[in-house]
Amino acid sequence: MAVTISQVSFEHHRIALGIGETSPRISWRFEGSYPNWTQSGYSVEVSRDTQNQFDPLEINLFHVNSSDSVLVPWPTVSLAPAESATVRVRAYGEGDQPDTPWSNPISVETGLLTQDAWSGALMIGADRETEKNIPHQPLLFRKEFSVGNPIKKARLYITAYGLYAASINGKAVGTAVLAPGWQSYSHRLVYDTYDVTDLLLAGDNAFGIQVGEGWYAGRLGFGTGNRNLWGDTIGTMALLVITSTNGTQEIVTDSTWKSSTSPIITSELYDGEAYDSRLEQTGWSAPGFRAAEAAKWIGVKELKSPFGQLAPPDGPPIRRIEEVKLQEILISPTGKTILDFGQNLVGWLRLHVLGPENSTITLVHAEVLENGEVATRPLRNAKQTDNFTLSGQGVQVWEPTFTYHGFRYVMVDGWPLDDTPLNADTIVAVVFHSDMEQTGQFECSNLLINKLHKNVQWSMKGNFMSIPTDCPQRDERLGWTGDSHAFSPTANFLYDTSGFWRGWLKDFQSEQVNGVPPVVIPGVPAAGPTMATAIWGDAIVANPWNTYRASGDLDALRDQYVGAKAWLDSGIPRSSEGLWDRSAFQFGDWLDPLAPPDDAGRATTSSSYVADAYLVYVTGLVAQMASALGLGDDQARYEQWAADLKAAFGKAWVSSDGIVANETQTGLALPLYFDLFENDEKASAAASRLQKIIAANDYLVGTGFAGTHLLGLALTKHNLTSTFYEMLLQTTVPSWLYQVKMNATTTWERWDSMLPDGSLNPGEMTSFNHYAVGSVANWIYQVVGGLAPAEPGWKTVKVNVIPGGNITWAKTSYLSPYGKVSTEWEVNETGFHLRLQVPPNSNADVTLPGSGLTQRVGSGTYDFSDAEFRL
């Protein structure tokens, strides 16, 4: 029954290399089932290098009497730029409880925190005229250098105007793809840090960097989109620091570098990549390279400085995470060859192919088939097409570099079948996304619900691509704030999103103008001018609050509070009563199932009504933020404002007998969940009416973006959980399981993106990979799984399983900041049985189904039973 420390981490970094925090907070997770184990104190050992050759390592030990184990203060002097330390932690049990052994050592290292630390590195581009209103051809940059002394360590710091792929001596640097990701580049440009010690050689070395246009200069936005939003010239900036026994050597991007064009002709996010392997310059990033006569290597020029925007990353990079094998090869009615990977995914293909010189393989990616052919209409103006031209020089292994696709099916043309069979050995799908740690697991007795849950996870993976995108396939792929507002609680359970959100929320706040954020972050012209609109703008309040609920990080909440306040204080256009100005544009209950295919905003619930309901809610959230931050005056002001707005909402939208202006599923779910009725009696009557409306609709969904993520929670709040179970288990459109029955492998944008006859919805917005509908998983985790944070950061877990429907058992777990918490329950002929696991240094408030009684338990494993309970 020992207790051990399973993981030590710094801030919210999975790998703490090149971080921006000089005094990084430390957290540790526990493993073990010791009953009621509580930490009474801890020791932190910090080892750091010195400049003393006789005593090269300074080790300091710090003891603290505290039960805190999450985001505890750095115990010693701050780290200098590019300084590393190694940390071990030991925790002490209370009284005669066992102490933990020392944790494994883990290193932390800061990045380049000042302009001077970059040692004169320049942002460089090719010394040529840049392309105008067409795609930018990717570029190669190279430099050779020598290393004379034995190498102790080497660090590469690198970024780009565009996307980069670096190599040293012909070997790839790191495992990230599409680096440095997408930020609001006018405010923040991420640079990455790599340990490249093992890539360097004694003697001659070469450093190569390939750069593509990416989000920085590529086409973005629907329709024709816009190019060059942050700049019209792609380039790179890097500093390589080599530490040897005799000092340091620095290689920087400067005027001595050379540049050339890549064998990639074009590589666009929406349209795909065209690669001509006949143009490869073998060994271009290796020492001793001699360019062929046909290759043109030219000088470089200095580009505008990124200083002022440079920032180390908050969240993890995009990485290749898994591979999906080819499942079936289809021949379409028109004779086309179509590959089916069995899973709608996001990434690209890797080919192993031998074929004749000059032949070109064309790959057209799509999510679904229609009439047996790849359905490209939903892609709108995105081509999602890769072209690979073979060199004829043996077996070639190729995958794209600066694009990505959302697809299950790929139409293949030009495959050299005479030389290479087309099968699972020669072509594979590579899946990548932001490399967050998975924290949530769920499984139950209902196979359709299990499939729905897998679909939710796949849609999250496909759309958490440096930022939270709406979709991964068509000419959009933007960071719509309303979508993330609805989905963030689900995301925060499935994965550790703390670092991911922290970076994106910085951009959210940076792009506010007079308190108003764009509806997509980073902002792009295609989404229209910055405008105040509910739910989408409200995400600047709700997303930080949801992240705080998951992480317990008050420092992050404090940073984000500024933007939330600005939204309420100056961003929202208001009526004389303080509610929304009704002339303001609202998305409202977007994609209400009764909205016409060509008018997604024409919902059955008034958009102004929806906006006002959310306004009361988020005003209350800001009051809670102020309370958590100890800002008493702000708390009092926003609490009073929320009370005044609630009264104004009632006067504007609720009759004297409690009837709301829109007696719809969304129209009733919002005031029920947001506590907008003046008393419990009217709320209870409204809940009864909502139940009847749902029953009259055959338990099918009647909500869009505004209501879907809250409908189940509102029903459960008012003791109507059985009604939502009935809705969840429906299999006809519109319902969650309709998509599953239609063989979906991700969640869709529309309830009926595919119609029952297999044809596609005629609307132009018909994505088969949108995560917003998957927000129902938040209810599944809380009600079926019975797990939720009872306080921010999961120090206390709320355990309240409410069985229902035809689900007879469920297993749910969450890797909290303290360790793994899990429920495993079953209902059988002997009643209800629950096994609960609570990690050390935390506790749980347990409510058994039907009892109404709550008991608190500490860490350990518990078995609860109720022999009288039946479904």
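**Exercise 1. The five-stranded sheet**

In which sense, and over how many bridges, do strand 9 and strand 18 pair?

*Solution.* Before the answer, two conventions apply: the model is predicted, so that local features need pLDDT of at least 70 and side-chain atom pairs count only at pLDDT 80 or more, whereas totals for chains, interfaces and linings use all residues. Residues are numbered from 1 along each chain as its sequence is written, and side-chain values use heavy atoms, with hydrogens and water left out.

Helices (H or I, at least four residues) and strands (E, at least two) are DSSP runs numbered from the N terminus, and two strands pair if DSSP finds at least two bridges between them. Strand 9 (residues 139-147) and strand 18 are paired in the antiparallel sense, over four bridges. Within this pairing, Arg142 stands opposite Lys258 of strand 18. Next, place the pair in its sheet, which is open, has five strands in the order 12-11-15-9-18 and is antiparallel in its pairing. At its edges are strand 12 (171-172) and strand 18 (258-261), each of which pairs on one side only.

**Exercise 2. The mixed sheet**

Determine the strand order and the edges of the open sheet that contains strand 41 and strand 42.

*Solution.* The order of the four strands is 36-37-41-42, and their pairing is mixed. Strand 36 (787-789) and strand 42 (854-857) each have a single partner strand, so one side of each is left without a neighbour in the sheet. On average, neighbouring strands of this sheet are turned by 25° against each other, direction ignored, where axes are lines fitted to C-alpha atoms, for helices over the stretch in contact, and angles run from 0 to 180 degrees between N-to-C directions. Finally, strand 41 (residues 843-847) pairs with strand 42 in the antiparallel sense over four bridges, and Thr847 stands opposite Thr854 of strand 42.

**Exercise 3. Salt bridges**

Contrast the surroundings of the salt bridge between Asp271 and Arg219 with those of the one between Asp555 and Arg558.

*Solution.* A salt bridge is a side-chain nitrogen of Lys or Arg within 4 Å of a carboxyl oxygen of Asp or Glu, a rule that gives 40 salt bridges here. In the pair of Asp271 and Arg219, the closest N and O atoms are 2.9 Å apart. This pair links distant parts of the chain, 52 residues apart, with Asp271 in the loop between strand 19 (264-268) and strand 20 (272-276), and Arg219 in the loop between helix 1 (214-217) and strand 16 (235-244).

For accessibility, buried means under 20% relative accessible area, exposed over 50%, and partly exposed in between (1.4 Å probe, protein chains only). Asp271 is buried at 11%, and Arg219 is buried at 10%.

The side chains of Asp555 and Arg558 meet at 3.0 Å, N to O. These residues are separated by about one helical turn, because they are three residues apart in helix 6 (residues 554-571). Asp555 is partly exposed at 32%, as is Arg558 at 42%.

**Exercise 4. Two residues in loops**

Describe the settings of Thr664 and Asn769, beginning with location and ending with polar contacts.

*Solution.* Thr664 is placed in the loop between helix 8 (632-653) and helix 9 (665-674), while Asn769 lies in the loop between helix 13 (736-741) and helix 14 (777-784). Thr664 is buried, its relative accessible area being 14%, and Asn769 is likewise buried, at 0%.

Contact means heavy atoms within 4.5 Å. Leaving aside neighbours within four places in sequence, Thr664 is in contact with Thr604, Thr605, Leu690 and Ile693. With residues up to four places away in sequence not counted, Asn769 touches a set of residues including Asn344, Glu367, Trp458, Ser459 and Thr746.

A polar contact is a pair of N or O atoms within 3.5 Å; within protein, one must be able to donate a hydrogen and the other to accept it, and residues adjacent in sequence count only if both atoms are side-chain atoms. Such a contact joins the side chains of Thr664 and Thr605 at 2.6 Å, and another joins those of Asn769 and Ser459 at 2.8 Å.
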